[in-house]
Structures are given as C-alpha cells and as structure tokens.
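Student: I am new to this structure and would like a close look at a single part. Please keep the sentences short.

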Amino acid sequence: MIGFRSGNQHGKDPTKDILSRAAFSNSRILIPTNVWFSVRVLAVGLWLTASGFAQSAAQRSNSTNIFAPSSTPADLIHKLSLLVLAVTGAIFAVVFGMLLYTAVKFRGRSGDNREPPQIYGSDQLELAWTVLPVLIVMVLFIASARVIHAVQDARQPPGTIEVTAVGHQFWWEYRYPQYGFVTANELHVPVSDPAQPTPTFITLLSADTNHSFWVPRLAGKTDLIPNHPNNTWIDPHETGLYLGQCAQYCGTQHAKMLLRVYVESRADFDRWVRKQQTVQADAAMSPEAIEGRRVFESTACINCHTIEGTVADGRFGPNLRHLMSRDTIASGAAPNTPANLRLWIQNPDAVKPGSLMPAMNLTDQQLNEVAEYMLTLR
Ligand code: HEC
Ligand SMILES: [Cu+2]
C-alpha cells in the first residue's frame, strides 16, 4: 500500500479519486437518460391521445372507436374517461414539470460536490401532498360511482327490447324471449329516440367459459360468466352497424368471435323480427336442395343445429333457421357467400381454425346439396 501511494504523484488515494469521478459522471449520465425517456413516453402518449381524437372526428361509422360513443352507457363512460384523462394529465404535467425543473436546475456541475441542505419535516409540504391527492381521489371516486350507478341501476322503460345473449366458444347466441325466436352472431336492435327511448337490455349468459360483450361505441365491457347472469344495456342513437369483439380470452378462436350489432329504424327492426318468426315453407325448393335437406337431417348436423320445422333441434351450434338473413358466418369470421358456406361445411377449420364444428367428411355431391339447402334458409 505504501509503495503504491508513494508512486502516486499527487499523494492522493487513487481509488477514491476514481470512485468519485465515476459517481460524478454517473450522475451526469443518469439524469439526462431519465429525462429523455420521460420525454419519449410523453410524446407517444400525446400522439396516441391526439390520434384517438382525430379518428373520432374523422370516422363515425362502423368503427370500434371508444372516442365516438353513440349510446348512453358508452357516452357516460366516454365523458368520465375524459375527466380522468384531464385530471391525470394535469398531475402528469405538474409532476413532469417539477422533475424537469429539478433535473436541470440541480444537475451535477463540475467542481461542486457539496451535499444539498438536508431538510427533515415540513408541515406545509406534508399537508399539501396528503390533502391534495385525497381530494383528487375523492373527485374521481364520486364521478366513477355516479357513472356506475347510472349504467348499472338504470330502469327499463316500457318500450324496452329484451335479449338474452349466450356466449359460446366461439360464437354468440341471441334469444328474443318477447318475440319467441333465437338467432346467432348478428344482433338486431331498434334505434332509440331519446324522447321516447326504446333501449335494449341484454342478459348475458355463458354456455362454457368466460366471454366478454364489448361493442365500444354502445357500452362498456361486461363479462359473460357461467352460472352468473350479468346485464348490460344499449340505447343506440344512430342507425348503422356497430362492431365489437369478445373481450375476454375464451380459447383458440377468441380472436374470431366478433360482435355485430345492427341498429335499425323501428320499421326495419319490426320487419326483421317478423321475418325471424316465420317458419320456412319448403314449397319452392329445388330437387338438389331437397336432397341436401335429407343429407342434413340424416347426419350429425341435427345434433348441433336447430332449424324449426325440421327434425334438427341441436343447441350446441348456431340456429340456422334464417341463416341467409345474416351477412356473415362463424361469428363475423367470413362473409356469408355460397362459396364460403360450402367451404365452411367442408372444413370449418379452413375458415376458423379450432372452431368447435367438426368437418363432416361429406362427398362433393353431398356438399353441393347441403350448401344448396343452406341457401334456402332465408
Ligand atoms: C358437433 C357439433 C356440430 C355439428 C355436427 C355440425 N355443426 Fe355446424 N356449427 C357448429 C358450431 C359450434 C358452429 C359455430 C362455429 C363458430 O362460429 O365458431 C357451427 C356453425 C355452422 C354454420 C355457420 C352458422 C353461422 O351463422 O355462423 C353452418 C352453416 C353450419 N354450422 C352448418 C352445419 C352443417 C351443414 C352441418 C352438417 C354437415 C354441421 N353444421 C354440423 C357445430 C356443429
Ligand atoms: Cu369469447
């Protein structure tokens, strides 16, 4: 040690020198990295928020945009989230501003290694950083509680449409108990005039595992849980098609468990209801379709699907009575075209890998006939 020291020209302990220089240069590097990271996070956050708002202004149709609500529950949630965004944004600006100010003003300077004054206890400071956050949390709590109450405890006005939605792996069953029919995957509801509201109240059930009903422009997410009925409601203000998505991972084809809500004028809705209530008359069926029906009725199709007026009364898959009144098949996975229908029946996995309908190994001719029969289910 002594030899080492005597070798040092300045007579100082070299390890100490190196350490303090390292600490110093560290502090010089550390603060700017933190600041730059925060700046980047801030920029990305601002960009996301701005693009969300820009989108809401630009596209008001079919989107799943949470910034373009078109129904009371979605609207309440939208307003609440803007409040929360404003409050948390203000907190962020203040904290980030103070951080930036401190980082710049008290940054390490060469030749100045003094410790800053150590302060223990300040009643004013401690009161401020206790009382202010408590007030902020109270405001957010009360605002949230009001929205939860308004959404969850809403009363059903006389014109309410009642629907039971059952989540299945990986499709939606919709029952209309007031009208006595069952359909699948495409929910139809009337537009609701605020002066004379006709909202749709939806009971949410599940046949297997957890799912979640989420059409962002109409209402917040609500889960469908086995043996635990939930509820949600919508009162869409504009006609149109509203899209959504099962929002709770439920298995292989969760991603293709899409939601489609058709909001129609009252007259169109009533027409749709009347159509869904009718039972097919098989008068006008081609010989091929009649043969297709025979194949359908003599294979396992009937164990999983219901078509009123036939022997098919299965409940495992979608009701097919008015299959052709739907725009899509397999829960929005594919457009309902003759080619897609045939492909689906031949090999469901080609359209929706992992779907719970098996390929039935029909011959080409049987396939054509069954597909032909499907086309008569208007
Ligand atoms: C083991 C039960 C089962 C059998 C057997 C079965 N299906 Fe399916 N089927 C399903 C299920 C489940 C779905 C929904 C799949 C999805 O969307 O994930 C489905 C969907 C469909 C669809 C699309 C309906 C829609 O609205 O999306 C058609 C059409 C169809 N099946 C026809 C048939 C025909 C024809 C047969 C007989 C050749 C058949 N199925 C046999 C269970 C079955
Ligand atoms: Cu699901």
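Student: Where is the place of Ala330?

Tutor: Ala330 sits in the loop between strand 11 (328-329) and strand 12 (334-335). Helices (H or I, at least four residues) and strands (E, at least two) are DSSP runs, numbered from the N terminus. The model is predicted, so local features need pLDDT of at least 70, side-chain atom pairs count only at pLDDT 80 or more, and totals for chains, interfaces and linings use all residues. Residues are numbered from 1 along each chain as its sequence is written, while chains are lettered from A and ligands numbered from 1 in the order in which they are written.

Start with the backbone. Ala330 is not a glycine, yet its phi is positive, about 60 degrees. Most residues other than glycine have a negative phi. Ala330 counts as buried because it has 23 C-beta neighbours inside 10 Å. The cut-offs are these: buried means 20 or more other C-beta atoms within 10 Å of a residue's own, exposed means 12 or fewer, and partly exposed is in between, with C-beta atoms placed from the backbone.

Now look at the ligand. Ala330 is one of the closest residues to ligand 1, together with Cys301, Cys304, Gly317 and Met357. In total, 32 residues surround ligand 1. Each has its C-beta atom, placed from the backbone, within 6 Å of the molecule. This shell holds 22 nonpolar, eight polar and two charged residues. Here Ala, Val, Leu, Ile, Met, Phe, Trp, Tyr, Cys and Pro count as nonpolar, Asp, Glu, Lys and Arg as charged, and the others, Gly among them, as polar.

Which parts build the shell? Helix 7 (301-304), helix 8 (338-346) and helix 10 (364-375) each give two or more residues to the shell around ligand 1. Ligand 1 lies between domain 1 (161-276) and domain 2 (282-374), because both give residues to its shell. The domain bounds come from an automatic or database domain assignment.

Take helix 10 next. Helix 10 has 12 residues and reaches 17 Å from its first C-alpha to its last. That is close to the 16 Å expected at 1.5 Å a residue; the expected span is 1.5 Å times one less than the number of residues. Buried residues in helix 10 are Glu369, Val370, Ala371, Glu372, Tyr373 and Met374. Helix 6 (287-297) and helix 8 are among the elements that cover them.

Both domains also meet in the largest nonpolar core. That core has 48 residues, with at least three drawn from each of domain 1 and domain 2. Such a core is a set of buried Ala, Val, Leu, Ile, Met, Phe, Trp, Tyr and Cys residues joined through C-beta atoms within 7 Å. Ala165, Val189, Val215, Leu218 and Val261 touch the most other members. Beyond its neighbours within four places in sequence, Ala165 is in contact with Trp172, Tyr174, Ile202, Leu204 and Phe213. Contact means C-beta atoms, placed from the backbone, within 7 Å.

Ala330 has a counterpart to compare. Asn185 also has a positive phi, about 70 degrees, without being a glycine. Asn185 lies in the loop between strand 3 (181-184) and strand 4 (186-190). Its 22 C-beta neighbours inside 10 Å make Asn185 buried.

One more backbone detail concerns a peptide bond. Most peptide bonds are trans. The bond from Gln169 to Phe170 is cis, with omega near 5 degrees. Phe170 is placed in the loop between strand 1 (161-168) and strand 2 (171-176), and Gln169 is found in the loop between strand 1 and strand 2. Gln169 is partly exposed, with 19 other C-beta atoms within 10 Å. Leaving out residues up to four places away in sequence, Gln169 touches Asp208, Thr209, Cys250, Gly251 and Leu356.

Finally, the whole. The protein has 10 helices and 12 strands. Of its 378 residues, 25% count as buried. Among contacts with a separation of 6 or more, 65% join residues 24 or more positions apart.

Terms used: Two residues are in contact if their C-beta atoms, placed from the backbone, lie within 7 Å.
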